[in-house]
Amino acid sequence: MNKNKLSARDVFSSKFGVIAAAAGSAVGLGNIWKFPYITGVYGGAAFLFVYLGFIALIGLPVMLSELSIGRKSRSNVFGAFKNLAPGSPWKFVGMLGVAAAVMILAFYGVVAGWSIDYVVKAVTDNFATRSPNEMEAMFVNFIESPVSPVLYQLLFMLMTMAIVIIGVKDGIEKYAKFLMPLLVVIIIVLCLRSVTLDGASEGLKFLFNPDFSKLTADGILSALGHAFFSLSLGMGTLVTYGSYIDEKNNISVTALQVTIADTVIALLAGIAIFPAVFAFGIEPSSGPGLVFITLPNVFQQMPGGFFFSILFFLLLTVAALTSSISILEVVVAYFREELNLKRNFSTILATVMISIIGIFCSLSMGVLKEYTLFGLNFFDLLDWISANILLPLGGLFISLFVGWFLGRKKMEEELAKGASVVSWLLSVFIFLVKFIAPGAIAIVFLHGLGVFNF
Ligand code: PHE
């Protein structure tokens, strides 16, 4: 990377902007759509506890690693490894990241499109008169149809593009600063509604009373994959955002704040959803349809449901948007700096590319349903490969890079910017990224893929 680009680089303008943007990336469909349904599928609290363990021991150190790599290199994820380890194969970790970003945004945009459609359905009171079976049919018919989900997906991709094209400070940061507080207010209102329903305590028990016998190898791998997905780790989102962070910021504190914010919001989503689901005697383990089939049923029976259903799907859309911009920015930063393209052109190119792949994801729900690999349609395949393989693999390499290649001294130098480094905390961090994170990822990974059993 040349000097010119370095000096012309974008930076976030304030500490709050950094947190809003990074937490905006982390808090997304992962927290509100995926976390509740996979927690439901894998039996509730036991899954949650494993997930929390992964967040603390692997997620937090990998997040700090990514932010450091980004700020130190002041570069996109591919360029970052190229800068810090010139002439070595580390840059392929960056390539992997860009590929993961393309794959994730392709299916992410589809679900976000469903979410916009459900805002419209909620406003037009489409839930009010439907039986549970009709509610399910409505969702299935919608996602399987060839036109409207694609249009909503494209609309969402356009919204994402419109923000990213403006740039880091006036686009990404500005919108995150406005949308994140809105999201927090909405989710708190929904939680209050949910826990004050009669019979809500069953849902809280489901979420917080662990039954470890329900935990499978598949569940543990999913907990790991989800920790990466939810914290936006393993593909360079936070390398890219880190590269826009000013040296006055204490990135250790940023990493901690973002991790806590993401986890709290996921828990709040669980608290908003499970008590309501149990209060109306509905099955919690309904998979990806949980928020689109189960919840509308819940809203229908809930006092004030019309209003709360609009709020909920608005929340889902807003959360998706602040995440999708961070995923697109990974690709845009790569195009700009590695291919020397302008922001406008890079953004349009990346959006078009990803949207086209996304159209196939959407169609794989319906007309292209028959085309499967390992029993998964194209949508599920992208979701599964990116979350359970590419992100943990990216995380594995990132922690090895920081623990073994950069090492303690260089990390200390980076972490000392805008902060005073506490020596024993640094030792803990280095120990985690050197041994615990890569070891745990490798074990869970191989075990989950069925390479060995214990
Ligand atoms: N963390 C986002 C979510 O929870 C998704 C995401 C994954 C964003 C990977 C960036 C990178 O929805």
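**Ligand shell and long helices in a predicted model**

Tutor: Around the ligand there are 15 residues (a residue counts if its C-beta atom, placed from the backbone, lies within 6 Å), and Gly28, Gly30, Ser232, Thr237 and Ser323 come nearest. Helices H2 (15–26), H3 (29–41), H11 (217–230) and H15 (305–338) each give two or more residues to this shell; helices are DSSP runs of H or I, at least four residues, numbered from the N terminus. The model is predicted: local features need pLDDT of at least 70, side-chain atom pairs count only at pLDDT 80 or more, and totals for chains, interfaces and linings use all residues. Residues are numbered from 1 along each chain as its sequence is written.

Student: What makes H15 mostly covered?

Tutor: A residue is buried if 20 or more other C-beta atoms, placed from the backbone, lie within 10 Å of its own. In H15, 29 of the 34 residues are buried.

Student: Why is H6 called largely enclosed?

Tutor: Because 28 of its 33 residues are buried, H6 is largely enclosed by the rest of the structure.

Student: How do you know that the span of H6 is close to the expected one?

Tutor: The expected span is 1.5 Å times one less than the number of residues. For H6 (residues 91–123) that is 48 Å, and the helix reaches 47 Å from its first C-alpha to its last.

Student: What is the pLDDT over residues 1–7?

Tutor: On this scale of the predictor's confidence in each residue, from 0 to 100, residues 1–7 stay under 50. Where pLDDT is low, the predicted coordinates should not be read in detail. The protein chain averages 91.

Key: Two residues are in contact if their C-beta atoms, placed from the backbone, lie within 7 Å. A residue is buried if 20 or more other C-beta atoms lie within 10 Å of its own, exposed if 12 or fewer, and partly exposed in between; C-beta atoms are placed from the backbone.
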